[in-house]
Amino acid sequence: MSAVTIVKYVFTACGCGLLLGGWLWYQDTRSFVDSAMVTGGTVVSFELSNSSKSRVSRPVVRFRDRQGKEIEFTSASGSYPPDYEEGEAVDVLYLPNKSHEAEISAWFPLWGGPTILGGLGAVFFLIGLSLFAFGSRLEGEPR
């Protein structure tokens, strides 16, 4: 089995897996958004995580649920420098029966993950498909 044959199967399979993962993540997010309540919250601090290559600052947000209970959560997405300022008001989505499952109502915290995963899946899948379409030409060329 040639290297091109192995690569075309691996890339196509990885692409399918990433596309499926992105689609499932999208469906989960869509379900969350459809079921969630919207309320106002405030960025109270930041959780800073350092790695050898990058720094990420994730906002910690406080809000009150419909029962008046004060809830604090850390956003799943972050950036450096931070996208928000301490004390900034943000819209929050949360599940009525699971107030601790909350997220800032903005595009990237909700849709960034499924978009990135789906985009990577599309790239891998298209490379795999192109190797299926044109791989025989690559295999037949003299080295």
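These legends go with a set of close-up views of one predicted model.

**View 1. The largest nonpolar core brings together eleven residues.**
Start in the middle of things, with Val 43, Val 61, Phe 63, Ile 71, Phe 73, Tyr 84, Val 90, Val 92, Tyr 94, Ala 102 and Ile 104 making up this core. Four elements each put in two or more residues: β2 (55-64), β3 (70-74), β4 (89-95) and β5 (98-104). Which of them gives the most? That would be β4, with three residues.

**View 2. Tyr 84, a member of the largest core, and its contacts.**
Zoom in on Tyr 84 and skip its neighbours within four places in sequence. What is left in contact with Tyr 84 is Val 43, Phe 46, Pro 59, Val 90, Ile 104 and Ala 106. Of these, Val 43, Val 90 and Ile 104 also belong to the largest nonpolar core.

**View 3. A second core sits apart from the big one.**
This separate core has six residues. Among them are Phe 32, Leu 95, Leu 110 and Trp 111.

**View 4. Ser 35 meets a part of the chain well along the sequence.**
Ser 35 belongs to helix α1. With neighbours within four places in sequence left aside, Ser 35 is in contact with Leu 95 and Pro 96. Along the chain, Ser 35 and Pro 96 are 61 residues apart, yet 8.2 Å is what separates their C-alpha atoms. Is Ser 35 buried or partly exposed? Its relative accessibility is 42%, so Ser 35 counts as partly exposed.

**View 5. A nonpolar patch shows on the surface.**
Not every nonpolar side chain here is tucked into a core: Tyr 9, Leu 126, Leu 129 and Phe 132 form a patch on the surface. Together they have about 400 Å² of accessible area. Helix α2 (residues 107-140) supplies the largest share of the patch, three residues. Tyr 9, on the other hand, is found in helix α1 (residues 3-35). Tyr 9 counts as partly exposed because its relative accessibility is 47%.

**View 6. Two cysteines, Cys 14 and Cys 16, with no disulfide.**
How many disulfides turn up in a search of the whole structure? The count is zero. Why does Cys 14 have no bond to Cys 16? The closest cysteine sulfur to that of Cys 14 is the one in Cys 16, and at 9.5 Å it is too far for a bond. A disulfide would need the two sulfur atoms within 2.5 Å. Seen from the other side, Cys 16 is in no disulfide either, with the sulfur of Cys 14 as its nearest cysteine sulfur. Both residues have some accessible area: Cys 14 is partly exposed at 37% relative accessible area, and Cys 16 is partly exposed at 39%.

**View 7. Arg 30 and Asp 34 pair up within helix α1.**
The whole structure holds five salt bridges, and here is one of them, with 3.0 Å from N to O. Side chains of opposite charge can pair when their charged atoms come close. Both residues lie in helix α1, four residues apart, which is about one turn of the helix. Arg 30 counts as partly exposed, at 30% relative accessibility. Asp 34 counts as exposed because its value is 55%, and the line for exposed is drawn at over 50%.

**View 8. Arg 58 and Glu 47 link two strands.**
In this salt bridge, the closest N and O atoms are 2.4 Å apart. Arg 58 sits in strand β2 and Glu 47 in strand β1 (residues 37-50), eleven residues apart, and the pair links distant parts of the chain. Arg 58 is partly exposed, with a relative accessible area of 23%. Glu 47 is partly exposed too, at 36% relative accessibility.

**View 9. Arg 62, Arg 64, Glu 70 and Glu 72 form a salt-bridge network.**
Which residue does Glu 72 form a salt bridge with? The partner is Arg 62, and the closest N and O atoms are 2.6 Å apart. Glu 72 is in strand β3 and Arg 62 in strand β2, ten residues apart, and this pair links distant parts of the chain. Glu 72 counts as partly exposed at 46% relative accessibility, and Arg 62 is partly exposed with a relative accessible area of 33%. Arg 64 and Glu 70 are linked into the network as well.

Notes. Residues are numbered from 1 along each chain as its sequence is written. This is a predicted model: local features need pLDDT of at least 70, side-chain atom pairs count only at pLDDT 80 or more; totals for chains, interfaces and linings use all residues. Side-chain values use heavy atoms; hydrogens and water are left out. A nonpolar core is a set of buried Ala, Val, Leu, Ile, Met, Phe, Trp, Tyr and Cys residues joined through side-chain atoms within 4.5 Å. Buried means under 20% relative accessible area, exposed over 50%, partly exposed in between (1.4 Å probe, protein chains only). Contact means heavy atoms within 4.5 Å. Patches are made of residues with over 30% relative accessible area and no salt bridge: like charges are joined within 9 Å, nonpolar side chains (Val, Leu, Ile, Met, Phe, Trp, Tyr) within 5 Å. Accessible areas come from the Shrake-Rupley method with a 1.4 Å probe; for residues, only the protein chains shown count as cover. A salt bridge is a side-chain nitrogen of Lys or Arg within 4 Å of a carboxyl oxygen of Asp or Glu.
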